[in-house]
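Please look over the structure shown below. A colleague and a modeller then discuss it.

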Amino acid sequence: MTGSNEFKLNQPPEDGISSVKFSPNTSQFLLVSSWDTSVRLYDVPANSMRLKYQHTGAVLDCAFYVENLVGTHDAPIRCVEYCPEVNVMVTGSWDQTVKLWDPRTPCNAGTFSQPEKGYVLSSIEGRVAVEYLDPSPEVQKKKYAFKCHRLKENNIEQIYPVNAISFHNIHNTFATVMTELRLQ
């Protein structure tokens, strides 16, 4: 399933992909976390896996920068982001907290409780929509949606869910990820 602007990575994870992140400094590297307990670093232009780190449990998110453990939550961590402007790691967990970390020292810089909060992750219908919170008509004109991750075989269209989306902050582009499971 590769069109002119899409391609399939070699050595993909063996289970659902939970997150993809482009390197903040170059579009050459892509970090992929998966339910198969791995985090993989890909060289995109070479279409090769550079590194693979195996964990003991499913990996729900990944981020560039941190080279060591900065802290823990009381439940699985769902998302990780690094903010270079203030040199802080931000983690969100199923323990209903958001924590800030100073990556230079294993120190919690703040914990913020988020009781009863939720968010939408992706579409199981193979669709992506770009929405804006600003209600002004000028900003709302920028909204768009499209279908993706579809494969037609023998006149039957297979639609795959969007498992993850990663935005590239320099090139203002994004990648979507699907997992195709086939029974043999």
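The exchange that follows concerns nonpolar cores and backbone angles.

Modeller: This is a predicted model, in which local features need pLDDT of at least 70, side-chain atom pairs count only at pLDDT 80 or more, and totals for chains, interfaces and linings use all residues. Residues are numbered from 1 along each chain as its sequence is written, and side-chain values use heavy atoms, with hydrogens and water left out.

Colleague: Which element gives the largest share of the largest nonpolar core?

Modeller: A nonpolar core is a set of buried Ala, Val, Leu, Ile, Met, Phe, Trp, Tyr and Cys residues joined through side-chain atoms within 4.5 Å, where buried means under 20% relative accessible area with a 1.4 Å probe, protein chains only. The largest one has 9 residues, among them Ile-17, Phe-22, Tyr-42 and Val-177. Two or more of its residues come from strand E1 (17–22) and likewise from strand E2 (29–34), strands being DSSP runs of at least two residues (E), numbered from the N terminus. The largest share, 3 residues, belongs to E1.

Colleague: How many residues make up the second core?

Modeller: This core is separate, and its members include Phe-29, Val-39, Leu-41 and Val-59. Its total is 6 residues.

Colleague: Is Asn-154 buried or exposed?

Modeller: Asn-154 sits in the loop between strand E11 (150–153) and strand E12 (156–159). Its phi is positive, near 55°, although the residue is not glycine. Exposed means over 50% relative accessible area; because Asn-154 has 74% relative accessibility, this residue counts as exposed.

Terms used:
Helix = DSSP H or I, 4+ residues; strand = E, 2+ residues; numbered from the N terminus.
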